[in-house]
Structures are given as structure tokens and as C-alpha cells.
Amino acid sequence: MELVLLGAPGAGKGTQAKLITEAYRLLHLSTGDVLRRNVADGTPLGLEAKKYMDGGQYVPDDLINDLVADQMERPEAKGGVAFDGYPRTLNQAEKLDAMLGKKCRPIDVAINLEVDEEALVVRLAGRRVCGGCGAPYHLKSMPPLRPDVCDACGSPLIQRPDDREETIRTRMEVYRRQTEPLLDYYAKQRKLRTVDASEGIEKTFERVQALLGEAG
């Protein structure tokens, strides 16, 4: 199975991708995770990507397409892939179709996770991460026992630059301009399915599983 997860920043693509890949034994290909590892390691790709990520902009297509092509050669990709955060643009979607076409593995379904934009701003702006061990927190739904201090290791909690409200607003605008056209792209291929992702992780996953049952 080859599937694409679409949705605005904070809609839950990463969470649902992890649940899907565990349940269906697929490779979780998160371009965001791969990019962040490169940024943390200070690789040339990471340093170039950081300039865009810190400003709430998307990394250029050529860099991302090359990254995905490399990941698709991993042995784990042979059993199917859940694409999380990719494609983001029509150019990327066309490149992905071309890559998969060479392998005779077309996209089976594109799932659009739909959540109200203002709810997404609250969801993202409240996120914090431990600067030491990387443990995730949320000021409302999963706060630490002590303000701004990690429960696990005692290190200070930080807010990632792309989780600041002004950056979130920029990311939403970029999403509307660059990524929403993908909904039409996959709808014309009759592969688009929309899921209400506003009622929590478990309810959303139930709806995703129902769609995947229909697609499979």
C-alpha cells in the first residue's frame, strides 16, 4: 500500500502515520523528521534547510525530492510507504507519481486530515520539547509537573521556532498557497478521501482505518 497524508500543520499527520505504519507494516517516511535530523547534525542539507524552516517556509522541491528518492531505496520501503509531509506541492506530487510509476507502485489513497485552523494554532503553539532528552509536552493537554521543566530529566523545555504563533500563521498561509492544490490533484485521480481529525487521535484513526478498508 502506498498512501499520502495531507493536512495543515498540526492536523495530526505524523501521529496518524505512525499508527498506520504500525498497523499495516509500512515505512513511515516523514520528510520533516529526516530534515530535523539533518539540522541537528549540522549536515549541508540541514544547514540549507534550516534557513527555510526557521522562517516557516517550506524547503525547496529539489532538495526534498532528492531526499525522498534516497529514502525510497531503503529495503523497508518495498512493503509500502506512508508519506507524511510529502508531497507538499504539485511539483512534488508529480515527481512522486513518476518515482512510483517506475516501480509500478501508484498511490492507492490520499487522506486529507481536516481540522479548523484556529484550533490548529492553539494545538501547535502549546507544544514544547525537552532540550535534553527530547520528551514532548503540551501546555494544555500534556503539561509538565513543573512549569518549563522536563519531568524525565529536569532539563528546560523549549519551543521550537516553527511552533511560535507568528511562524505558525506563516506556515498556514504557505500551506494554503502551495499544498491545498494537491486536494484537487488527488481528487481528479479519484484517490482523495477527507477525514474529520478534530475529535482526537483514536477517533481519527478509526475513521482512517475505515477508509483504508475501503481502499484496500
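A residue counts as buried when its relative accessible area is under 20% and as exposed when that area is over 50%, with partly exposed in between. Keep that in mind for this tour of a predicted model.

Start with the whole protein in cartoon view. You should find nine helices and eight strands. Along its principal axes the C-alpha trace spans about 50 × 40 × 35 Å. For 216 residues, a compact globule would have a radius of gyration near 17 Å, and the protein agrees, with 17 Å. Take the contacts with a separation of 6 or more: 69% of them join residues 24 or more positions apart.

Now switch on the surface. About 11,300 Å² is exposed, and carbon and sulfur atoms supply 50% of that. Buried residues, meanwhile, make up 44% of the 216.

Next, colour by charge. There are 31 positive and 34 negative side chains to pick out, and the centres of the two sets lie 2 Å apart.

Time for the rings: how many aromatic pairs does the count come to? Two. Select Phe83 and Tyr86 for a tilted pair, 6.4 Å centre to centre with 45° between the planes. Both Phe83 and Tyr86 are buried.

Then jump to Tyr185 and Tyr186. Their ring centres are 5.1 Å apart and their planes sit at 85°, so this pair is edge-to-face; planes over 60 degrees apart get that label.

Last stop: is Tyr185 buried or exposed? Its relative accessible area is 18%, so Tyr185 is buried, given the cut-off of under 20%. Tyr186 is buried too, with a relative accessible area of 0%.

Definitions and conventions. Residues are numbered from 1 along each chain as its sequence is written. This is a predicted model: local features need pLDDT of at least 70, side-chain atom pairs count only at pLDDT 80 or more; totals for chains, interfaces and linings use all residues. Side-chain values use heavy atoms; hydrogens and water are left out. Helices (H or I, at least four residues) and strands (E, at least two) are DSSP runs, numbered from the N terminus. The radius of gyration is taken over C-alpha atoms; the globule rule is 2.2 Å times the number of residues to the power 0.38. Buried means under 20% relative accessible area, exposed over 50%, partly exposed in between (1.4 Å probe, protein chains only). Contact means heavy atoms within 4.5 Å. Accessible areas come from the Shrake-Rupley method with a 1.4 Å probe; for residues, only the protein chains shown count as cover. Lys and Arg count as positive and Asp and Glu as negative; His and the chain ends are not counted. The place of a charge is taken as NZ of Lys, CZ of Arg, CG of Asp or CD of Glu. Rings of Phe, Tyr and Trp (its six-membered ring) pair if their centres lie within 6.5 Å; planes under 30 degrees apart count as stacked, over 60 as edge-to-face and the rest as tilted.
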